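Good morning, colleagues. Please look at the structure on the screen while I go through some of its packing and polar contacts.

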Amino acid sequence: NETSTAEMRSMVRRWRKDGRTKDIEGLASMYPREEYPEIRASLLEVFSAPGLQCECYLPLDDMIRDSVSANEKLALSALKALSHVRNQRVHDMAIEKMAAEGVSYEVFNVLAFNYREEDDAALVAAAGRLGDMRQDALTALVHLVRRGSGVSLSKRMLLFLYGEVQCSHCREAVVLEMGRRGLLTDEMLSNCLHDANDHIRRYASRLLKRRSGATVVFKS
């Protein structure tokens with residue numbers, strides 16, 4: 001269940017902090033040997049959280065194979081784990097799965113984490129087919145904007161996110177990155193003066209003031 005999974009994740013995190021690598025490896029070694037899909041899925045869930053570096057402990061071949069399992073729970077658990085793995089084979093699996101089975105939120109997250117500029121059109125189209133999950137999917141791309149992600153989104157993708165992300169907190173990261181790259185026009189900044197996010201309004205005000213040398217009034 002979710003409670004025991006959370007407890008196990010917490011335990012693995014403590015082991016990592018304490019340098020108990022052997023204990024983590026011992027737990028992870030149960031996964032490739034386990035025959036029952038439900039238990040395999042549970043083990044994958046333990047390692048499917050950000051920062052647990054499942055690719056360091058779980059065999060990639062097994063995770064990719066389980067991601068296309070006929071057992072729905074196992075397939076979803078594998079996709080959750082793979083959404084934190086950056087690898088060319090994982091990227092290709094996500095592309096192939098989308099082509100063969102259509103778009104799902106879980107596969108979108110896998111492809112987003114394995115972002116390539118050449119995937120822009122595929123990601124935009126996929127997000128458009130996710131219905132109520134569209135904004136959640138776009139948030140997965142916004143996470144890549146943040147420093148330390150190891151990914152640089154294309155100008156085209158940043159402009160798309162700027163126009164489509166509804167969450168003002170999420171949009172802040174996009175606006176700041178666009179400002180850092182010099183992509184914000186005066187018109188965009190003027191629009192930002194009316195944003196629901198106070199940080200965005202103040203940031204836009206500072207940039208416009210710097211550009212014009214005049215005081216800019218923004219809504220509080």
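Setting aside neighbours within four places in sequence, S83 is in contact with N109, V110 and F113. I should say at once that this is a predicted model. S83 itself sits in the loop that joins α6, residues 72-82, to α7, residues 88-101. Is S83 buried or exposed? Its relative accessibility is 12%, and because the cut-off for burial is under 20%, S83 counts as buried. Its side chain also reaches back to the backbone oxygen of K80, at 2.6 Å.

Let me turn to α6, the helix that precedes this loop. At its N-terminal end, α6 is capped by N71, whose side chain places an oxygen 3.2 Å from the backbone nitrogen of K73. Which residues of α6 are buried? They are L74, A75, S77, A78, L79, A81 and L82. In general terms, an α-helix has 3.6 residues a turn, so residues three or four places apart point the same way. The partners against which the buried residues of α6 pack are α4 (37-46), α5 (60-66), α7 and α8.

The next residue I wish to discuss is N114, in the loop between α8 and α9. N114 has a relative accessible area of 0% and is therefore buried. A polar atom of the N114 side chain lies 2.9 Å from the backbone oxygen of V85. What else is N114 in contact with, leaving aside neighbours within four places in sequence? The list consists of L82, V85, R86, N87, V90, H91 and D119. One of these, L82, was named a moment ago among the buried residues of α6.

I now come to the helix pairs. Two packed helices are described by the angle between their axes and the distance between the axes. For α8, residues 105-113, and α9, residues 120-128, the axes come within 11 Å and cross at roughly 155°. That angle makes α8 roughly antiparallel to α9. The crossing of this pair is left-handed. On the α8 side, F108, L111 and A112 take part, and they meet L123, A126 and A127 of α9. By class, the contact of α8 with α9 comprises six nonpolar residues, with no polar and no charged ones.

How does α8 pack with α10, residues 134-142? Here the angle is about 15°, and the axes are 9 Å apart. α8 is therefore roughly parallel to α10. The crossing of α8 and α10 is right-handed. From α8, the contact draws on Y105, F108, N109 and A112; from α10, it draws on D136, A137, A140 and L141. These residues divide into six nonpolar, one polar and one charged. F108 and A112 of α8 thus appear in the contact with α9 and again in the contact with α10. N109, for its part, is also in contact with S83, where this talk began.

Finally, a view of the whole chain. How many helices and strands does the chain have? There are 14 helices and zero strands. Along the principal axes, the C-alpha atoms fill a box of roughly 70 × 45 × 25 Å. Of the 220 residues, 45% count as buried. Among contacts between residues at least 6 apart in sequence, 57% join residues at least 24 apart. Thank you for your attention.

Conventions: Residues are numbered from 1 along each chain as its sequence is written. This is a predicted model: local features need pLDDT of at least 70, side-chain atom pairs count only at pLDDT 80 or more; totals for chains, interfaces and linings use all residues. Side-chain values use heavy atoms; hydrogens and water are left out. Axes are lines fitted to C-alpha atoms, for helices over the stretch in contact, and angles run from 0 to 180 degrees between N-to-C directions. Helices (H or I, at least four residues) and strands (E, at least two) are DSSP runs, numbered from the N terminus. Angles under 35 degrees count as roughly parallel, over 145 as roughly antiparallel, 65 to 115 as roughly perpendicular and the rest as oblique. A crossing is left-handed if the near helix is turned anticlockwise from the far one by less than a right angle, and right-handed if clockwise. Contact means heavy atoms within 4.5 Å. Ala, Val, Leu, Ile, Met, Phe, Trp, Tyr, Cys and Pro count as nonpolar, Asp, Glu, Lys and Arg as charged, and the others, Gly among them, as polar. Buried means under 20% relative accessible area, exposed over 50%, partly exposed in between (1.4 Å probe, protein chains only). A polar contact is a pair of N or O atoms within 3.5 Å; within protein, one must be able to donate a hydrogen and the other to accept it, and residues adjacent in sequence count only if both atoms are side-chain atoms.
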